[in-house]
Amino acid sequence: MPQSYHEFSSSNLTVVLKSFGSMKQTEINCLETSVFLNRAGKFERFALPVEAQWSPTSGISVADFDNDGLEDLVLSQNWYSIRPDLGRLDSSAGMILLGEGQGSFKGVSSGRSGLAILGECRNALIADFNHDGRSDIIATQTLGEAHLYLGQSEKRGIRLIIDSKVELAKRLGCSVHLLYPDETSSPPRWLYSGDGVLAQCSTEAVLGFKQWPSSIQIVWSDGEKQTILVQPGIYEYTAQ
Ligand SMILES: [Ca+2]
Ligand SMILES: [Ca+2]
């Protein structure tokens, strides 16, 4: 190990690294932005489609934007913090991917989705800001304005609001899903404290559905279960 700045400055990299002894070597063999599906004891990787790989992704948020009962994604993309001579990695305008079931996703062009997040977005947050049963997006940009996109899907989803009286420890980490009359269910949606970079998860969820559900199932973070019966034509429910 060099003992002085002068000695360090005149050493080459091989000498410096040798002084640390044997080092563990790790190889990066996958750089694709991917989704890992929890398959009974192990995770199975699905690479997102090629258009999702054009720009680095900092955050992935889950919602059902078209309310068809299949979970969709919105990617927070672009990255400026790299060497100035390489230029910014800013090929994305923000991307929505519609879930197709079975773990695959289909990209939606910005022309169709309406997203125009041209700056560096570290995290988008999902909530139903106008309470119309369609998930909305608020996307922040580094040194740029925040964008609010109101969901325009034709189909309306079921809004579940967690009452503020439900204690935080019980609410954070809970999962919610819809139960259908044929005993099948929608994918579980998790509500948790962190939701990407410096963001807080919303305490409500808009749940899309394949068929009109019979109930909303809640599994609180302490394991306690709660069922809320769904009435015909009623789209908004509060858990307390
Ligand atoms: Ca969907
Ligand atoms: Ca909305």
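The following paragraphs describe a three-stranded sheet, the strand β10 and the largest nonpolar core of a predicted model. Residues are numbered from 1 along each chain as its sequence is written, while chains are lettered from A and ligands numbered from 1 in the order in which they are written. Because the model is predicted, local features need pLDDT of at least 70 and side-chain atom pairs count only at pLDDT 80 or more, whereas totals for chains, interfaces and linings use all residues.

Strands (DSSP runs of E, at least two residues, numbered from the N terminus) are taken to pair if DSSP finds at least two bridges between them. On this basis, 3 strands form an open, antiparallel sheet in the order β7-β8-β9. Since β7 (124-127) and β9 (144-149) each have a single partner strand, one side of each is left without a neighbour in the sheet. Strand β8 (residues 136-141) is joined to β9 by 4 bridges, and Gln-141 has Gly-144 of β9 as its bridge partner.

Strand β10 (158-162) pairs with β13 in the antiparallel sense over 4 bridges, with Ile-158 opposite Leu-207, and runs parallel to β16 (residues 236-239), to which 4 bridges also join it; here Arg-159 stands opposite Glu-236.

The largest nonpolar core (buried Ala, Val, Leu, Ile, Met, Phe, Trp, Tyr and Cys residues joined through C-beta atoms within 7 Å, buried meaning 20 or more other C-beta atoms within 10 Å of the residue's own, with C-beta atoms placed from the backbone) has 34 residues, and Val-74, Leu-97, Val-176 and Leu-207 have the most contacts inside it. Among the strands that each supply at least two residues of this core are β7, β8, β10 and β13.

Terms used:
Buried ≥ 20, exposed ≤ 12 C-beta atoms within 10 Å, placed from the backbone.
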